[in-house]
Amino acid sequence: MMRTLVVAGHGMVGHRMVDALVGRDLQRQWRIVVLAEESRPAYDRVALSSYVDSWDAAQLTLPAVLDDRVELRLGDPCVAINRRKRTVRTASGHRVAYDALVLATGSAPFVPPVPGRDLPGCYVYRTPEDLDAIRAAAQRAMNTTAAGRRSGVVVGGGLLGLEAAHALRQLGLSPHVVEIAPRLMPMQVDEGGGALLRRFIEALGVRVHCGHATQAIEADRGRLLVRIADGTELDTDVVVFSAGVRPRDALARDAGLPVGERGGVLVDNRCRTSDEDIWAIGECAAVEGRCYGLVAPGYAMAEVVADRLLGGNATFPGADMSTKLKLLGVDVASFGDAHGQTKGALEVVHNDPVAGRYAKLVVSDDARTLLGGILVGDAGAYGTLRALVGAELPADPGALLSPSGAELDAGALPAGAQVCSCHAVTVETIGQAVTQQGCTTVPALKECTKAGTGCGSCVPMLKKLLAANGVEQSKALCEHFAYSRAELFEIVAATRIRTFSELVGKHGTGRGCDLCKPAVASILASLSGVLSPGSHILDGEQATLQDTNDHFLANLQRNGTYSVIPRIPGGEITPEKLIVIGEVARDFGLYTKITGGQRIDMFGARVEQLPAIWRRLVDAGFESGHAYGKALRTVKSCVGTDWCRYGVQDSVGMAISLELRYRGLRAPHKLKSAVSGCARECAEARSKDFGVIATETGWNLYVCGNGGFRPRHADLLVSDVDTETLVRTIDRFLMFYVRTADRLQRTAPWLEEMEGGLDHLRDVIVHDSLGICAELDAAIEAHVAGYSDEWRGVLEDPDKLARFTSFVNAPGVPDPTVEFVQERGQPSPAHRRPGQPVLIAGPKLAVVR
Ligand SMILES: Cc1cc2nc3c(=O)[nH]c(=O)nc-3n(C[C@H](O)[C@H](O)[C@H](O)COP(=O)(O)OP(=O)(O)OC[C@H]3O[C@@H](n4cnc5c(N)ncnc54)[C@H](O)[C@@H]3O)c2cc1C
């Protein structure tokens with residue numbers, strides 16, 4: 001006769017338990033009744049933040065366990081256990097008898113006892129409904145708060161807090177993170193890693209307040225005021241608590257079952273409570289007193305109980321608490337004993353703040369065994385290193401950390417090394433899936449082994465292991481497109497598809513992500529001259545694909561204001577235009593700076609001021625400088641033959657004509673150029689993506705150089721060519737780069753990775769070895785013919801203008817959190833804390849409240 005298992009909770013772990021039991025219960029010993037509090041079946045909570053991309057909760061749903069032995073009762077939680085009668089009662093009043101009961105009730109977000117935490121506008125971040133509520137609040141803010149003032153405060157700077165901040169940013173709110181510890185992600189990173197992480201997070205437009213508690217939240221004229229212990233006050237529309245979780249153990253407590261010291265249903269290493277018929281798994285369980293806030297340990301518990309219910313003798317193997325941040329573009333990972341708590345542990349650190357890279361390995365006292373580590377800025381080695389924890393190091397730790405040091409070969413990993421800690425999948429299992437089950441792609445490996453279907457951080461490692469097992473890998477852009485960026489470019493060009501939704505519908509899957517959306521937006525923009533002349537980057541669906549900078553055609557600055565950067569081709573400007581810039585900056589209180597790119601940047605504009613500022617500039621003959629876009633920035637020049645006695649060609653004229661020719665050309669990354677009038681190289685052309693140096697008889701063209709993190713001198717591509725040849729060669733170089741580079745790949749690494757290197761590049765664009773030069777030429781001509789100023793396009797279109805002028809209740813009122821001081825006679829953002837001396841002269845420009 002079948003016995004009845006009741007599972008309380010249909011979260012990720014409860015679902016996993018049911019799946020595991022049904023799969024193994026070949027003799028049909030158990031029927032299963034799942035009592036679920038939520039109204040939807042189990043979903044991928046780890047991927048909750050991606051809900052903001054689609055607002056379609058169905059995309060998070062975990063595959064259903066379709067079996068006649070399973071009865072799922074949604075929206076009817078278990079409210080009491082009667083251990084003597086072995087029954088549970090549900091909220092709707094039903095009683096269900098059990099032979100075994102598994103508690104999988106998860107956790108609840110912890111909300112610290114801050115006065116005001118219950119005010120409207122305060123939320124937690126755990127379910128799609130929480131995100132719906134936050135979204136509704138953000139939408140209210142759109143209607144009631146001036147554009148530059150809309151903000152959200154996240155209380156808690158851990159992994160989830162940063163995800164929540166990112167979500168707020170996607171909802172159009174300027175996010176703040178308040179963290180009581182002295183650094184972000186204090187559980188995962190140390191001081192050195194935390195300092196770099198903070199820089200990355202701030203560069204994403206998140207304002208970080210570490211080392212002080214949130215003291216109070218007050219209602220403030222329809223908004224909220226968050227007071228931090230250091231005296232900072234933040235006006236905000238939304239507060240999101242992300243300060244940890246607490247196990248939901250009330251059912252067990254009420255039934256007289258023991259709980260852990262810090263809460264959680266106390267279970268032994270079989271996941272069994274003191275009552276032999278009751279088990280607890282996932283975040284609600286305290287295994288031998290310890291709770292685990294990650295999904296992998298929960299899955300391991302689910303497997304243990306499934307095994308035990310069928311007479312097995314599995315025990316909880318302990319947990320890998322490795323984590324990797326899932327935010328776009330920020331690489332942070334921590335694995336094993338990241339804080340070096342093992343006795344005698346040694347730490348080897350590579351800290352390069354200039355290159356934006358921090359890496360620490362923790363090794364055993366004899367430096368032979370890897371114990372753990374922290375990676376910030378470049379977590380490429382995470383998969384391999386994490387799998388090596390506990391194993392002998394294949395090389396000297398210092399060499400492993402150095403960017404130019406030893407490469408970790410996935411093929412050299414020991415068979416037992418764990419690749420996917422969410423599903424406890426080893427290198428050996430992956431190898432068998434390839435060699436014995438015929439898996440040749442990551443999706444096939446996912447399906448066969450479950451690896452990569454949890455947090456997803458091991459997916460890059462799966463690719464490496466496929467390669468190590470002899471399977472050639474595609475350069476798929478992301479899980480939504482099985483094509484590289486270059487292949488997608490060709491698809492768009494050939495099919496003339498003009499929208500992301502059509503492209504993903506016909507040539508991809510799902511609804512896209514933060515990787516493929518901006519990449520496709522860039523491809524569509526690069527091809528707009530050919531596919532849709534006259535279109536604008538903010539037209540229709542295109543607008544939603546752009547990141548924040550492209551969204552407002554301006555660069556978001558640290559203090560939430562925007563920059564205004566008109567194009568000044570070749571750095572040449574008339575006195576009249578200089579006067580206009582001065583007047584605009586003065587009238588709008590903007591900071592002005594002559595930059596290395598030979599133009600004049602203005603900083604400190606609020607979003608709703610942008611149209612008025614740009615109207616004055618456009619009327620005076622200025623146009624967008626595309627400083628916000630992955631596009632051509634500037635073509636610098638020296639003063640040339642007219643004003644320098646050494647000059648041999650008109651470098652200024654050449655710089656201007658090149659800048660005007662390629663302005664607005666969208667590329668995989670930003671592009672910079674320069675023209676020097678003689679070999680003295682005053683314009684520094686060889687540190688540019690393409691640089692031109694005048695010779696006695698013509699021009700030399702250098703390509704694929706750059707400054708920045710990893711400076712690289714450009715290589716000479718052609719020499720002593722006439723003007724027409726020069727321009728044609730640059731045309732083809734740029735279009736070939738735009739067509740074939742990877743997402744966010746600059747020209748320097750593009751060339752470094754190109755098979756055949758510079759010789760191949762020269763063959764393609766000078767000798768037309770691929771027979772594509774006519775196409776490249778035509779594409780550039782279409783770009784030149786189709787160019788129009790993006791800011792003028794906004795000013796002429798009321799719909800586009802509307803996104804900049806959305807304040808309702810306080811028109812013209814500046815963001816009180818944006819404070820300026822006078823510094824050297826100009827407005828400058830105030831970065832001081834109360835009590836800290838201000839080393840400046842002159843009055844404040846803006847009053848805080
Ligand atoms: C935004 C976010 C990002 C995350 N990212 C990661 C990550 O990158 N990596 C990682 O490892 N972990 C991550 N986590 C944590 C991970 O989601 C949890 O560890 C995992 O969901 C725990 O699963 P669970 O089944 O134990 O609990 P839950 O998923 O919370 O499920 C418990 C379920 O039980 C229900 N329930 C509660 N009480 C009752 C009752 N009395 N009767 C019936 N049902 C009840 C609840 O409503 C819930 O549906 C993240 C969490 C969040 C919120």
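The following questions and answers concern a predicted model.

Reader: Which residues have the most contacts inside the largest nonpolar core?

Author: The largest nonpolar core of this predicted model has 94 residues. Its largest share, 10 residues, comes from helix α7, residues 295–309. The residues with the most contacts inside this core are Leu5, Met17, Leu103 and Ile281.

Reader: With which residues is Ile281 in contact, leaving aside its neighbours within four places in sequence?

Author: Ile281 belongs to the residues with the most contacts inside the largest nonpolar core. Among its partners are Met17 and Leu103, which are also listed with Ile281 for their contacts inside that core. Beyond its neighbours within four places in sequence, Ile281 is in contact with Val13, Met17, Val102, Leu103, Ala104, Cys271, Met301, Ala302 and Val305.

Reader: How many residues are in the second, separate core?

Author: This core is separate from the one discussed above. Ile491, Trp699, Leu751 and Ile780 are included in it. The number of residues in the second core is 60.

Reader: Against which helices do the buried residues of α13 pack?

Author: Helix α13 covers residues 485–495, and Arg485, Ala486, Leu488, Phe489, Ile491 and Val492 are buried in it. In an α-helix there are 3.6 residues a turn, so residues three or four places apart point the same way. The buried residues of α13 pack against α14 (500–507), α15 (516–526), α16 (528–531) and α23.

Reader: Which residue with a positive phi follows α13?

Author: Helix α13 ends at residue 495. The residue that follows has a positive phi, near 60°. That residue is Arg496.

Reader: What span should helix α23 have, and how far apart are its end C-alpha atoms?

Author: Helix α23 comprises residues 723–740, and 13 of its 18 residues are buried, so that the helix is mostly covered. At 1.5 Å a residue, the helix should span 26 Å. The distance between its end C-alpha atoms agrees with this expected span, because that distance is 26 Å.

Reader: How many disulfides does a search of the whole structure find?

Author: A disulfide requires two cysteine sulfur atoms within 2.5 Å. The sulfur of Cys291 has its closest cysteine sulfur in Cys284, at 8.5 Å, which is too far for a bond. For Cys644 the closest cysteine sulfur is that of Cys678, and their separation of 5.9 Å is also too far for a bond. Over the whole structure, the number of disulfides found is zero.

Reader: Is Cys644 buried or partly exposed?

Author: A residue counts as buried when its relative accessible area is under 20%, and as exposed when it is over 50%. The relative accessibility of Cys644 is 26%, so Cys644 counts as partly exposed.

Reader: Which backbone oxygen does the side chain of Arg599 reach?

Author: Arg599 is found in the loop between β30 (591–594) and β31 (600–605). With 5% relative accessibility, Arg599 counts as buried. Its contacts beyond four places in sequence include Ile565, Pro566, Arg633 and Gly625. At 3.0 Å, the side chain of Arg599 reaches the backbone oxygen of Gly625.

Reader: Which side chain is joined to that of Glu623 by a polar contact?

Author: Glu623 lies in the loop between α20 (610–619) and β32 (632–637), and counts as buried at 13% relative accessibility. Apart from neighbours within four places in sequence, Glu623 is in contact with Pro566, Arg567, Trp614, Arg663, Tyr787 and Asp789. The polar contact, of 2.9 Å, joins the side chain of Glu623 to that of Arg663.

Reader: Which residue takes a positive phi in the hairpin of β24 and β25?

Author: Strand β24, residues 346–352, runs antiparallel to β25, and seven bridges join the two. Leu346 stands opposite Val363 in β25. Four residues lie between the strands of this hairpin, and the residue with a positive phi, near 70°, is Gly356.

Reader: Is Ala367 buried or partly exposed?

Author: Ala367 is placed in the loop between β25 (357–363) and β26 (370–376). Although Ala367 is not a glycine, its phi is positive, at about 60°. Its relative accessible area is 32%, so Ala367 is partly exposed.

Reader: What is the relative accessible area of Glu681?

Author: Glu681 is found in the loop between β33 (671–676) and β34 (690–694). Its phi is near 65°, a positive value in a residue other than glycine. Glu681 is buried, and its relative accessible area is 17%.

Definitions and conventions:
Residues numbered from 1 in each chain as written. Predicted model: local features only at pLDDT ≥ 70, side-chain atom pairs only at ≥ 80, totals over all residues. Heavy atoms only, no water. Buried < 20%, exposed > 50% of the residue type's maximum accessible area, 1.4 Å probe, protein only. Contact = heavy atoms within 4.5 Å. Polar contact = N/O pair within 3.5 Å; in protein donor to acceptor, adjacent residues only side chain to side chain. Expected span 1.5 Å × (residues − 1). Pairing = 2+ DSSP bridges. Core = buried A, V, L, I, M, F, W, Y, C linked by side-chain atoms within 4.5 Å.
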